[in-house]
Amino acid sequence: MVMGVIASASALALLAGCSAGTASTDGDAAADASTVDFWGWVPGLEDLVDQYNELDTGTTVTFHRMTGDDGTKVKAAVDAGAGPDVVQLSTHDLPDYVIAGRVQDITEFVSDDEANYTPSSWASVSFDGQVYGVPQGIGPAGMMYRTDMFEKYGVSVPTTWDEYLDAARAIHAADPNVYIANMSPSEVGQWMQEVQQAESSWYGVDGDAWDVGMNDSGSQLVAKRWQTLLDEGLVTTDTMWTPEYWANVNAGKIATISYAAWFPSLLASNAESTSGLWKIAALPVNEGSANAGDSGGAADVVLKGAADPEAAAEFISWLNGSDDTQETMISVGGIFPSTKNGLASPALTSPVPFFGDQAVNEVFIEAAKNTPATWVDGPNYGTAQTALTDEFAKVINGQKTFLEALDAAQAATVDDLKARGLSVNE
């Protein structure tokens with residue numbers, strides 16, 4: 001069904017893709033069949049590529065470490081017939097690549113892998129029953145919290161969002177200089193994980209057209225929550241990753257940070273002086289639900305023009321799903337695995353000194369298992385993200401409410417889809 005949307009809406013793009021130069025002619029394909037050029041950014045990939053080459057599979061993989069603006073160069077390179085065979089890609093960007101015909105359908109080569117992946121991660125690379133990549137890491141969410149603050153003010157660690165609001169009021173009343181969290185207008189990942197937790201999605205497909213749900217019931221639930229926290233002055237509003245943000249974290253003004261499994265290492269490196277004061281608990285849940293959330297992940301995809309898509313698919317199947325690679329991907333790459341063998345790896349549950357030797361990933365493992373497979377990425381994710389952050393800045397400035405911001409972002413996203421010639425249900 002989704003591919004019907006993609007195919008009907010992108011015929012021009014697909015035709016353009018077919019007429020553009022490809023990396024190889026049929027003759028070249030035979031000559032290049034044993035070489036796969038791979039671009040990626042995860043630490044330690046060089047050693048894993050060497051390990052694969054030593055397996056003597058008949059395929060030699062070459063590796064390019066992506067830095068700077070390499071990611072923005074991929075589309076143009078593929079269109080010019082000069083792209084790599086395989087690239088690491090945010091799953092949020094994958095629908096755009098599929099519609100433009102820049103990735104290859106690798107269903108026949110990797111469909112047997114599905115059972116080893118979490119349902120939500122496999123859904124992120126699948127469209128209308130066809131598979132366009134292999135997941136390489138996910139971002140299940142948890143709540144980092146300051147144990148000393150909750151103990152000092154006699155407040156229980158919240159397990160539901162209603163309890164979270166009560167905790168926010170109690171902590172701020174006890175010390176007006178302390179806030180339950182920071183609401184950054186620029187950071188949509190934190191917003192998305194709560195929208196997914198509510199089993200909502202920015203996109204969906206109905207018939208031969210896209211649905212856009214940036215202001216649907218799940219997003220409205222999240223909006224009302226954060227509007228209350230904002231209106232009652234219970235959150236700071238610094239732009240995330242700035243010196244001002246980290247200064248507040250280091251000064252003990254922020255009691256909780258709810259974010260993905262990759263955030264704890266960043267917290268440890270940017271707030272070293274607070275070592276031993278943090279623990280991680282499950283993301284608070286909505287009343288009557290046990291759902292967790294996820295802010296998105298990455299995948300390895302086989303690009304148009306790859307000389308030997310079967311060899312490329314076999315390599316990324318091994319890289320992301322083999323028992324031989326999980327420990328390195330976790331301990332060196334810093335990947336939170338999307339695979340069941342990865343989630344079972346002892347490398348994932350090592351104690352973390354910064355968090356008082358808590359095996360913090362145990363929280364994220366449960367989150368990965370409880371994330372609903374309801375999120376659908378759409379073809380203009382970048383536009384949607386920009387529209388939302390632009391509108392959130394107005395909310396922080398007091399010009400709009402979160403609900404009004406969602407309506408505006410919804411309209412901007414729909415208009416952009418139409419401008420691209422895609423069908424949209426309204």
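**Exercise 1. Work out how H4 sits against H15, and which residues do the touching.**

Start with the handedness: where H4 passes H15, the crossing is right-handed. Keep in mind that you're looking at a predicted model.

Next, the geometry. H4 covers residues 45-53 and H15 covers residues 309-321, and the two pack at an angle of about 120° with their axes 11 Å apart. That makes H4 oblique to H15, because the roughly perpendicular range stops at 115 degrees and roughly antiparallel needs an angle over 145.

Now look at the side chains. H4 brings Leu45, Leu48, Val49, Gln51 and Tyr52, and these meet Glu314, Phe315, Trp318 and Leu319 of H15. Sort them by class and you get seven nonpolar residues, one polar and one charged.

**Exercise 2. Stay on H4 and describe the surroundings of Glu46.**

Glu46 is in helix H4. Is Glu46 buried or exposed, or something in between? Its relative accessibility is 34%, so Glu46 counts as partly exposed.

For its contacts, skip residues up to four places away in sequence; Glu46 then touches Phe63 and Arg65. As a distance check, pick Asn116: Glu46 and Asn116 are 70 residues apart in sequence, and their C-alpha atoms are 24 Å apart.

**Exercise 3. Find the largest nonpolar core and trace what one of its residues, Trp191, touches.**

How many residues does the largest nonpolar core have? The count is 53, and the residues with the most contacts inside this core are Ile180, Trp191, Trp202, Trp226, Leu229, Leu388 and Phe402.

Zoom in on Trp191. Leaving out residues up to four places away in sequence, Trp191 touches Met183, Ser219, Val222, Ala223, Trp226, Leu388, Phe392, Phe402 and Leu406.

Don't stop at one core, though. There's a second, separate core of 42 residues, with Val61, Val87, Val98 and Leu303 among its members.

**Exercise 4. Take Phe402 and place this residue in its helix and its neighbourhood.**

Phe402 belongs to helix H20, which runs over residues 402-419. With 0% relative accessibility, Phe402 counts as buried.

Set aside the neighbours within four places in sequence, and Phe402 is in contact with Met183, Trp191, Ala223, Trp226, Gln227, Leu230, Phe392 and Val395. For a longer reach, try Ser124: Phe402 and Ser124 are 278 residues apart along the chain, with 27 Å between their C-alpha atoms.

**Exercise 5. Compare the two packings of H12, with H10 and with H20.**

Take H10 to begin with. The axes of H10 (residues 161-174) and H12 (residues 217-231) come within 11 Å and cross at roughly 5°. An angle under 35 degrees counts as roughly parallel, and that makes H10 roughly parallel to H12.

On the H10 side, the contact is made by Trp161, Tyr164, Leu165, Ala168 and Arg169, while H12 offers Arg225, Trp226, Thr228 and Leu229. The class tally for this contact is six nonpolar, one polar and two charged residues.

Now H20. H12 and H20 pack with their axes 8 Å apart, at an angle of about 140°. H12 and H20 are therefore oblique to each other.

Here H12 uses Ser219, Gln220, Ala223, Lys224, Trp226, Gln227 and Leu230 to meet Phe402, Leu403 and Leu406 of H20. This contact divides into six nonpolar, three polar and one charged residue.

**Exercise 6. Tour some loop residues and check their backbone or exposure.**

Asp128 sits in the loop between strand E4 (126-127) and strand E5 (130-131). Asp128 isn't a glycine, yet its phi is positive, at about 55°. With a relative accessible area of 40%, Asp128 is partly exposed.

Where does Glu199 lie? Look in the loop between helix H11 (188-197) and strand E9 (203-206). Phi of Glu199 is near 65°, again a positive value in a residue other than glycine.

Last, Gly207, in the loop between E9 and strand E10 (209-212). Gly207 is partly exposed, at a relative accessible area of 37%. Its C-alpha atom is separated by 10.0 Å from that of Ser423, and Gly207 and Ser423 are 216 residues apart along the chain.

Methods: Residues are numbered from 1 along each chain as its sequence is written. This is a predicted model: local features need pLDDT of at least 70, side-chain atom pairs count only at pLDDT 80 or more; totals for chains, interfaces and linings use all residues. Side-chain values use heavy atoms; hydrogens and water are left out. A nonpolar core is a set of buried Ala, Val, Leu, Ile, Met, Phe, Trp, Tyr and Cys residues joined through side-chain atoms within 4.5 Å. Buried means under 20% relative accessible area, exposed over 50%, partly exposed in between (1.4 Å probe, protein chains only). Contact means heavy atoms within 4.5 Å. Axes are lines fitted to C-alpha atoms, for helices over the stretch in contact, and angles run from 0 to 180 degrees between N-to-C directions. Helices (H or I, at least four residues) and strands (E, at least two) are DSSP runs, numbered from the N terminus. Angles under 35 degrees count as roughly parallel, over 145 as roughly antiparallel, 65 to 115 as roughly perpendicular and the rest as oblique. Ala, Val, Leu, Ile, Met, Phe, Trp, Tyr, Cys and Pro count as nonpolar, Asp, Glu, Lys and Arg as charged, and the others, Gly among them, as polar. A crossing is left-handed if the near helix is turned anticlockwise from the far one by less than a right angle, and right-handed if clockwise.
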